[in-house]
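Okay, everyone, thanks for squeezing me in. I'll put the sequence and the model up, and then we'll go from one residue out to the whole thing.

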Amino acid sequence: AFLLSDVPEKRIQNDKKMKSLYDTRSKIVHEGVTEITAEAAGSAQWMAISCLFAVCKRLNNWQNLDQIKKWIREQRYGMNNKAS
């Protein structure tokens, strides 16, 4: 959600969509569900590609995964968060 938008309302929408897609993924992995809608598959693909592009746009700011995680924590909890 943080990667895809700076607008709080859009972040909330993206977060809800990602949770729904993750629930679908969990049903596939843990319950053996084999049928999903084309919409769910397309949404998952769009979200994944969009996140990859967002990371690529910021590669000059990040050199490793720890820096990405730090940025996400800062978005979520504020700039003074020091927790891992």
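So, Ser43: buried or exposed? Ser43 has a relative accessible area of 16%, and the cut-off for buried is under 20%, so Ser43 counts as buried. Keep in mind that this is a predicted model, so what I'm showing you is computed from predicted coordinates.

Where does Ser43 sit? You'll find Ser43 in helix H2, which covers residues 38–57. And which residues does Ser43 touch, if we skip anything up to four places away in sequence? Those are Lys17 and Leu21.

Next, the cysteines. Cys51 comes out at 21% relative accessibility. Buried would need a value under 20%, so Cys51 goes down as partly exposed. Cys56 is also in the partly exposed class, with a relative accessible area of 49%; exposed would take a value over 50%.

Now, how many disulfides turn up in the whole structure? Zero. Why no bond for Cys51? Well, the closest cysteine sulfur to the one in Cys51 belongs to Cys56, and it is 11 Å away. A disulfide here needs the two sulfur atoms within 2.5 Å, so that pair is too far for a bond. Go at it from the other end and Cys56 finds Cys51 as its closest cysteine partner, again at 11 Å and again too far.

Let's zoom out to the fold. In secondary structure, the protein has three helices and zero strands, so reading from the N terminus you get α-α-α. Why call it more spread out than a compact globule? Because the radius of gyration is 15 Å, and the globule rule for 84 residues gives 12 Å, so the protein is well over that. Along the principal axes, the C-alpha atoms fill a box of roughly 45 × 25 × 25 Å.

What about burial overall? Of the 84 residues, 20% count as buried, and Ser43, as we saw, is one of the buried ones. The protein exposes about 6700 Å², with carbon and sulfur atoms supplying 55% of that area.

On contacts: take those between residues at least 6 apart in sequence, and 47% of them join residues at least 24 apart.

Last bit, charges. There are 14 positive and 9 negative side chains. How far apart are the centres of those two sets? They lie 6 Å apart.

That's what I've got; over to you.

Conventions:
Residues numbered from 1 in each chain as written. Predicted model: local features only at pLDDT ≥ 70, side-chain atom pairs only at ≥ 80, totals over all residues. Heavy atoms only, no water. Helix = DSSP H or I, 4+ residues; strand = E, 2+ residues; numbered from the N terminus. Rg over C-alpha atoms; globule rule 2.2 N^0.38 Å. Buried < 20%, exposed > 50% of the residue type's maximum accessible area, 1.4 Å probe, protein only. Contact = heavy atoms within 4.5 Å. Areas by Shrake-Rupley, 256 points an atom, 1.4 Å probe, with all protein chains shown as cover. Lys, Arg positive; Asp, Glu negative; His and termini not counted. Charge placed at Lys NZ, Arg CZ, Asp CG, Glu CD.
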